[in-house]
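Visitor: Please show me the model, and then let us go through its interior, its cysteines, its empty spaces and its unusual backbone angles.

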Amino acid sequence: MAGNGRAIPVPLNVSNDDEIAALVEKVKEECARLDAVVCSAFTTPPDLNDSSFRDDFWKQGAVMWDACHEVGLRGSYMTCCESVPLMIDTAKSKSTRPLIAIISSFGGKSYTFNVAYGVGKAGADRLASDMAVQLSKHNVDTISLYPGVVRTEGNVQMEKRGEWKAASGGLDLSMGESPQLSGRALALLLAKSELTEKRSGDVIVVAELAKELGFTDIDGRIPPSIRNLKFILPAFVFPQIEKQSGSSLPSWVTDNVPDYLLPWSVFSGGPPPQPPSD
């Protein structure tokens, strides 16, 4: 799925409204159209490399709140504010359906890491859904895109330093996705305007879209969605059973996990599963 496009990197501080406006104006002058906006910028939260990232909110205070919202949520909102007029013009003049993708996470649906993080991701989801209401008449679509556990450069380095387990709460990074899988998902969505029109305002899970449309990660796998039993049982349930029993589960159990997605109503309800502590 290698593309033939040309990337033009532009340094940008997403917390600076003037820089966002200047970039959109540059796109307008040089390209005269804007077909896609992907809001993925996020400030690295403090204490990400240890368990304090998952501490009580009253101990984290405004520092964590600002880290999770100033760029990740406010920056996305202002990027959309500046971009949408050009996207509306593009839809009219080019007879196409531009797409805004807000990169969010399962933290928008269920408790993840800490309070500020979850509120920010829920806000990102609501940003996508509410913009869809106002943009539908202009033929501009919006989605909230959920990657799973991603093997980013930063996460891989954290694992090498022995910090990943404490920071993530015990998630298995080997079960994760490459960053390229999200790129493949977006490329296919941009090529299927009938799909983005139908699902505008919705949450789209990268792993679930891969299974639906039949594309794979760079290693040839289709990783399980975080709300799939194929992820939940090996990541959380089986380790607890083995820890409590003191013995490994038989292969006929671990190798035959059903491919079943928990409904959002179930996934979002109750406390999150906890990995076994050492």
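What follows is a conversation in questions and answers about this structure.

Guide: This is a predicted model, in which local features need pLDDT of at least 70 and side-chain atom pairs count only at pLDDT 80 or more, while totals for chains, interfaces and linings use all residues. Residues are numbered from 1 along each chain as its sequence is written, and side-chain values use heavy atoms, with hydrogens and water left out.

Visitor: Which element gives the most residues to the largest nonpolar core?
Guide: A nonpolar core is a set of buried Ala, Val, Leu, Ile, Met, Phe, Trp, Tyr and Cys residues joined through side-chain atoms within 4.5 Å, where buried means under 20% relative accessible area, exposed over 50%, and partly exposed in between, with a 1.4 Å probe and protein chains only. The largest such core has 21 residues, and among those with the most contacts inside it are Phe106, Trp164 and Phe236. Helices (H or I, at least four residues) and strands (E, at least two) are DSSP runs numbered from the N terminus, and the elements that give two or more residues to this core are α5 (164-168) and α9 (229-245). The most, seven residues, comes from α9.

Visitor: How many residues make up the second, separate core?
Guide: This core includes Cys80, Val84, Leu127 and Val140. In soluble globular proteins, nonpolar side chains tend to be buried together. The size of the second core is 18 residues.

Visitor: How many disulfides does a search of the whole structure find?
Guide: A disulfide is a pair of cysteine sulfur atoms within 2.5 Å. The sulfur of cysteine 39 is 4.1 Å from its closest cysteine sulfur, that of cysteine 80, and is therefore too far for a bond; cysteine 31, whose closest cysteine sulfur is in cysteine 39 at 17 Å, is also too far for one. Cysteine 39 counts as buried because its relative accessibility is 7%, whereas cysteine 31, at 48%, counts as partly exposed. The search of the whole structure finds a number of disulfides equal to zero.

Visitor: Which residue in β2 stands opposite cysteine 39?
Guide: Strand β1 (residues 36-39) has a covered face, made of Val37 and Cys39, and an uncovered one, made of Ala36 and Val38. In a regular strand the side chains alternate between the two faces of the sheet. Two strands pair if DSSP finds at least two bridges between them, and four bridges join β1 to the parallel strand β2 (residues 99-103). Opposite cysteine 39 in β2 stands isoleucine 102.

Visitor: How much space lies in the largest cavity?
Guide: On a 1 Å grid over the protein atoms alone, a cavity is a set of points where a 1.4 Å probe fits but cannot get out, while a pocket is an open set with protein on both sides within 12 Å along at least five of seven lines, and lining residues have an atom within 4 Å of a point. Grid points are joined across faces, edges and corners, and a volume is the space filled by probe spheres set on the points. The count comes to one cavity of 30 Å³ or more, and the lining of the largest cavity includes Val149, Met175, Pro224, Ile226 and Phe231, with phenylalanine 231 also touching, in contacts of heavy atoms within 4.5 Å, Val149, Met175, Pro224 and Ile226 among others. The space in the largest cavity is about 40 Å³.

Visitor: Which element provides the largest share of the lining of the second largest pocket?
Guide: This pocket has a volume of about 1,000 Å³ and is lined by 30 residues, of which Leu23, Val27, Leu34, Ala36 and Val37 lie nearest its centre. The elements that give two or more residues to its lining are α1 (17-31), β1, α2 (57-94) and α6 (179-190). The largest share, seven residues, comes from α1.

Visitor: Is serine 95, with its positive phi, buried or exposed?
Guide: Serine 95 has a positive phi of about 50° although it is not a glycine, and serine 95 lies in the loop between α2 and β2. Because its relative accessibility is 69%, serine 95 counts as exposed.

Terms used:
Lists of a residue's contacts leave out its neighbours within four places in sequence.
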